Structure formats: structure tokens, C-alpha cells
Amino acid sequence: MAPARSSKKRRPSFRRLLKTSGSKLENKLKNRQFKRESCDKRQRKEHKRLRQALKGAALATPRPLDAMPKRPEEEEDEEDFLESLPTDMMEDDDLRLTPSFLGRDLSSCGPVHAAKKRKSEVVRAYEEFPRKMAAAPLEEVVHLLPIKDKTRLIPQSIRRAVTERPEDEEEEEEMQEEGKDDTQVAESALSAAPLSAAQQWEVRARKISERKLTIARLASTVIADPVNNIKGVKQLRGMLMEADPCVAVTVRKLAMVSLMEIFKDIAPTYKIRPLTDTEKGAKVKRETQQLREFEEGLLSQYKFYLEDLEQCIKDWKQKKSKRSRAVPISSYPGLAGVAVRCLCELLQAMSHFNFHNNILVALAPLMNDRTLTVSTACCDAFATLFRQDKAGEASLAAVRVVSGLVKSLNYDVRPEVLRTLLSVRIQEAHVKKDLSDTAPALKLMTHKDKGKLSRMKRKWKKAEEKLQQELLEAEASDSKDKKMKTHTETLNIVFLIYFRILKKAHKSVLLPAVLEGLANFAHLINLEFFDDLLDVLQGLVCSGDLSNRERLHCVQTVFTILSGQGDVLTVDPLNFYSHLYGALLWLHAGERLVLPVRPYPKTGAPPLPFWGSALPPAGAPHDDVTIALRCLDAALIGRRKRVGVRRAAAFLKRLASLALRLDGAGAVGVLAAAVSVLRSYPKCDFLLDNELQGSGSYLPEAEQPEHCNAHNTALWELHALRRHFHPTVSRLASHLSRGAPAEGSAALPPELSRRSATELYEDYRVRDVTFEPAATPHKRKKREFFSQDWSLLDDDLRRRVDNVLNDDGEAELEFTQAGISVRA
């Protein structure tokens, strides 16, 4: 037998494939793929038709082969015929097995076995269908990334079997769905039926727990991947409109706080700028496009969130009920309080982000709200913003909003609104510190790094460092000019608020806050306004309408001005020295004072107080001591070259007298100020002697410090202060009595000598019922045994006592017989 002839068709070689055109190969590949997809499609259709046929055959109800359609009159005849049959001898099974010809019309022309024939043909067709198609697994075509060669792109695809879900999983899902349906039905039944208080509380607790879990899940998902899960913020924001009256208030509060924390965590450290039309049409990388979509979604959700918070506050103010009635009107204050706290947190934490000015405008009117908690929270938020802001832009916007609020309300605002301006960082020390903190730092090359580089690289690195240093200097100068401009504009607005109140509302309750602000920023006032401001302050002090603290603020403002830029003015503030000299007598340690009946004198000095049962005029004494110490430092220490010895001696004597009736911390501060005065004016040491320096006697009630004859007295108060209960007061008094030496055994330790009077007062001030230094507890010695001592009794009395103690009966002691007399 001849061997089989081998096929002449050979596999094309690689060189021949290279000569084949790319379009031809691509067409072949497309045709092959199209045929495969057509075959798969036809096969899926046949499978579908087969499944439908099998399902129809399984669900079809069997019927007799001889069943034929009958007319209504035939059905009635059949019923009569069946009733006429003798069935009394037949059983039920026999009736069911009655031959079909008894109920069939013999005159019918329909074939007897027609239905049976049709059914057999259908079954035969099923049998002729190939068995392998029913067993073939379902497949799907998965398109992969194409492969690129030198000439073309080669598409890639694979076939993957479709994994059908097992029946067990389907049954489990059906059971779960049925369980959910049963739960919903049970909940609806419970809601329809009247519940007891315990059941209502249980249902509410379960719902709140479910909402908490949902909020926690969404929040953790967003924080874990903000770029891809920003949609979770929208779902959380939807919970702000909770419609279930049972848990609506609690869920809305939780959603507000959760969204606030989420925005604080995921918000970028820069302000998002809207894209231009050119930037939107330009092609960018996938990462850039994803970041843009995230920023756009974040900004829109943040905007909607702020609008929801503002709407919650408006509903509280307008007291307007909603249609949904999910939240009662009585719950509006609680929701508004949470919304205000969220806005305050966002104001402090996100001053760099978008819509910050909108938050300022929303919170500014609430600073003057009647509700104390809301007003205090807003004022604290503004003060914190002023203290934290180093760039100055956020502070400038906030000051503008406060100025507009004060002007729109015609200066009828709470004093706390103006006291927030005291936290603005526009002082020279703060400005310099902010400029040094925010200046960019240059990282220079170390000696170790130089050893690792070649000579040429070191040369290039040195030139690069020089260039970077020049660029940073230019950037720092621009930043410095910008910040100084911002601080100047902020200062102008602050002084505009103060001067308007001094001019138009100088008798309002805002005057103490204005005077305190002027005293704080007096060194930054322009020199052109000094004369007018001094005249206004002089008129206020002499008017007699001010309290002791307000007078001290006026004095502090004047001396702060004169110790700074006003040093060039040739002005002798004699009246303000008299005001300060008289105001020191009003300092106390919380005692009760009586206001004098006589009016305020026009000479400039305040009247002398006397003890009684009425309360002091205004304020806490501790704050007055702090202000007085600052005034003494500016009036005596800062102007030592312009103050005479007689005036300094009068103040030194007044400070020694004041230390006797202040508490421990106040005495420490006053004696520290006295030490500074004695060191600044060494000629006042004559107060430590008992010899008289001239004619006249000391007049402590004199209103002018120069006319009190302080040179004819001595600091006898120091002898009493040396036995003070406070150890620091005793030490300072001993130091003063020895002439306040800077060296030697009588010198003060460094922790006392290097600190100012104000700092020492703040350190030793009593806070939260604690003492500085801490009081040493008294150590009691425990005795192990107690002895009976009869040394106080004479022999006869001791004998009588022993007889009484040893006698079982009752006996009386007769002291008259023993010659002992008892005195009442």
C-alpha cells in the first residue's frame, strides 16, 4: 500500500509573514473573530430556545388526548347523561377511571389521537437535538489591551467561561429578601399598633445605632480614599434631611459634626481655583483629570454643606415650621447650636480654603445674639482666628465684617464684640515674629556633602545656592511688603471703629472696651492724632462718668503714647499722674467699698474711698492690679528722666501702703514695682530713714503727688510686711528695707530679679483655689502611747478623784471644804 501523500501546504515562514501586508493580516484576523462571534451568538440563541422549550414542557399541565372543545349545549347534555348513570354500585376510584369514550361525543369528526401525535413529534424533535450543546459551558469574550509592533496594533481577546451562581446562593438570597420583607412587615405592624414607652425607646435606640453605623462607615470610607470616594460625602449630606421624626434631630446633629470633621481632614491646604474654558478643553493626564474632578466635587459638596448650616440657623431665627414636620420647632435651637459650633470650627481650621468670607458673614451677626452660648462661641471663634492668623488676610476680612456690623447696628453691640479685636496680631513684636516664621528657609550644603561631590559639582552647587538665596530674598521682601500693607490696613479699620465710638457714643457701654483697645495699640497710633486724642481722654477722665478701671485704661493709653512715638512731644501729663496716684487707692483684694457721695472734683484727682457695705464700682480687683502695674511701668520706669524725685517718692510711699491691704499675689506685684522704682530713683532711699528732710508733715489724702510731703515720712510698712504669711512678700519687703541691693547677701534670686512686676503678679496669682508657692502642710507627730499626768492636781484633790473613780456608788465632790474656790 502506497504511503499517504503528505500535504503540500506549508506553514508560511517568518520572512514571508513580514512580506504580507498589515491590512491583509488585520482583515484575516477580523474575519476570524467575526466568525467566532457569530458562532457564539447562534449557539447562545439555540441554548436559550432550548431552555424555554424545556421550561414550557415542564410547566404544561397534562390533558387527555381525546379532549376536544365542546359547545355549551353539549356540556349540559353530558352532565345530564352522567347524572342518569347508575353510579350507586361504583366507587370513587371507578368514577375517576371511567373510559373517556363515555364522555366524548361520538358524532364529533375530530381525530382521536391528534394531540398525542403532536406531542410525540415535539418529543422526537427534542431527541434529535444534539446532546453535546446542552453540556457545553457558556463562554464570553473578554477584550484585552492590544499589542503594538512596528507596523500595527494587534487586538487581543480571550474566552472565559461564565460562572453561574449555584442554587444554594440563590436560595440564601431569596431567604434574606424574605427576611427583610418580614422585618419590614413587622416594623409596619409595630408602627400601626400602639407601643409602650419601653418599646418606643428600644425602637429608637435601634434606629439610632443603625444610623451611627452608616455614618461611621461612610466617613471612614471617605477619609481612607477621598479622591475615589467623594460620593460618600453626598450620601452623608443626604442624612441632614432625615425624615424619620423619631431620630431626625439626633441623626442631623451627628451628620453635621461628622461632615465638619471630614472636611477638615480632606480639604487641601490651598484655595481651589475655578478652571477657565481653555483649561477645561485642554488634554491632561489621567491623574490630573482625576484630581480636578475630586476638587470640583469637594468644592460643590462643601458649598452645599455650608448652605445647609446657614439654612438651619435661619429656620431657628425665623421660627418657621417645615412641611415635612420631621423636626419640631422646639428642636430648632439645639440644631442651630450644633450648626453654629460647626461653622466656628470651620472658621478657625479652614481660613485658607474657599468660602471663608461666607462663614465670616454668617457668624458676624451671631456675635451680638441674645443667646449667651451662641454669642460667646462666635466671639471666641473670631478671637482664635485673630490669634492664629499670621498672614493677615483672614484677619483683615474679619475686621472689615466686624466694622460693618458695628456701624450697621449704630454701635448698639455687646462689649465682647469689640474685645475680640484685642487679639489681632498687629503689634510690632507679633509682626516681626510672623515675618520670621513664615519666611522661606534656605538649605545650605554641609561639609559632609561637599566631600562627596567633585570640584566641578561643588562649583555648580555653590552657584545654585547663591541664586536660590537671591530668589528667596526677593520673595521675602515682597512677602514682607504685602504683610505690612495688610497689617496697616487692618490697623486703620480698628482705629476707625474706636474713634467713631469715642466721637459718637462715648457714653455707651462700649467705652471700656474702646479704652482697653486704645491702651493695647496706642504705640501704633499716628503722631498726627496725639493732640486730639489726649484732649478727648482728658475730658473723659475729668467727666466723672468713668469707673476706676476705665480711668486706668485712659492713663495707660496716654503713657503708652508718650513712651513711644510721642516721646518727641514736650508734654507734661501732670493731670494723668494725679489720676494714677489717686486710682491706686481703689485697688483692693475683693473688699466691699462705698462710693463717695461728693461729686468728682474738677482738679483731676479721684476722691478717696472709704470702707462700707456697698460693692465696688466695677470690675474684678485682679484685673485692676494688672492694669495699674502696667501704668506704673510706663509712667515711672519708662519716663525716669522726666519725673522728679518728689513725685517718685510719693508713688513709692503709696505702693508700700497699698501692699498692706492686697492679697499675696497683689502684694508681690506691688512690692516688685516698688523695687523697680527704688532702683530707677536711687535718691528716694531717704524713705528708709527716720530723719525728716524738711518742713511740713506727710499728707496721705493729698490729690497731687508733689504736694503730699513724702520726704517727711518713712516706709514703716516694710517692717510689717517682713512678717507676712507669704514667703515671697516677706523676702521682697526685707530686700526693700535694705535698699534693694543688686549684689550681696540681701540681693534677690534670679527668678525674682529678672522678671517684671506684671509677670510676677501673674505667676503668683491664685487660680482654681491653688496657691503659688504651694502651702506646706502641717506635719503632726503621732504619739505611740499616752501617759497620765497628775502634776496639775494637788495631793488632796488627787486623792479625792481616786476615791470617786474607785467608788461604786455615787458621791459628790465638795470643793468648799478643801478651800478651793471656783470662779465663773
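This report walks through a strand hairpin, a covered helix and some salt bridges.

The model is predicted, so local features need pLDDT of at least 70, side-chain atom pairs count only at pLDDT 80 or more, and totals for chains, interfaces and linings use all residues. Residues are numbered from 1 along each chain as its sequence is written, and side-chain values use heavy atoms, with hydrogens and water left out.

**Hairpin**

Let's start with the strands. Helices (H or I, at least four residues) and strands (E, at least two) are DSSP runs, numbered from the N terminus. Two strands count as paired if DSSP finds at least two bridges between them. S1 (residues 139–148) and S2 (residues 153–161) run antiparallel, with 8 bridges joining them. They make a hairpin, with 4 residues in between. Across the pair, glutamate 139 sits opposite alanine 161 in S2.

**A covered helix**

Next up is H24, which spans residues 574–583 and is mostly covered, with 8 of its 10 residues buried. Buried here means under 20% relative accessible area, exposed means over 50%, and partly exposed is in between (1.4 Å probe, protein chains only). Among the buried residues of H24 are Phe576, His579, Leu580 and Tyr581.

**Salt bridges**

Side chains of opposite charge can pair when their charged atoms come close. A salt bridge here is a side-chain nitrogen of Lys or Arg within 4 Å of a carboxyl oxygen of Asp or Glu. Searching the whole structure turns up 18 salt bridges. Here are some of them:

| Basic partner | Acidic partner | N to O distance |
|---|---|---|
| Arginine 237 | Aspartate 308 | 3.7 Å |
| Arginine 414 | Glutamate 416 | 3.7 Å |
| Arginine 799 | Aspartate 796 | 2.7 Å |

The salt bridge between arginine 237 and aspartate 308 links distant parts of the chain: arginine 237 is in helix H9 (residues 231–238) and aspartate 308 is in helix H12 (residues 286–318), 71 residues apart. Arginine 237 is buried, at 19% relative accessible area.

In the next pair, both partners are partly exposed: arginine 414 has a relative accessible area of 21%, and glutamate 416 has 33%.

What about the last pair? Arginine 799 and aspartate 796 both belong to helix H32 (residues 795–806), 3 residues apart, or about one turn of the helix. An α-helix has 3.6 residues a turn, so residues three or four places apart point the same way. Arginine 799 is partly exposed at 48% relative accessible area, and aspartate 796 is also partly exposed, at 27%. Through shared partners, salt bridges tie Asp796, Arg799 and Arg800 into one network.
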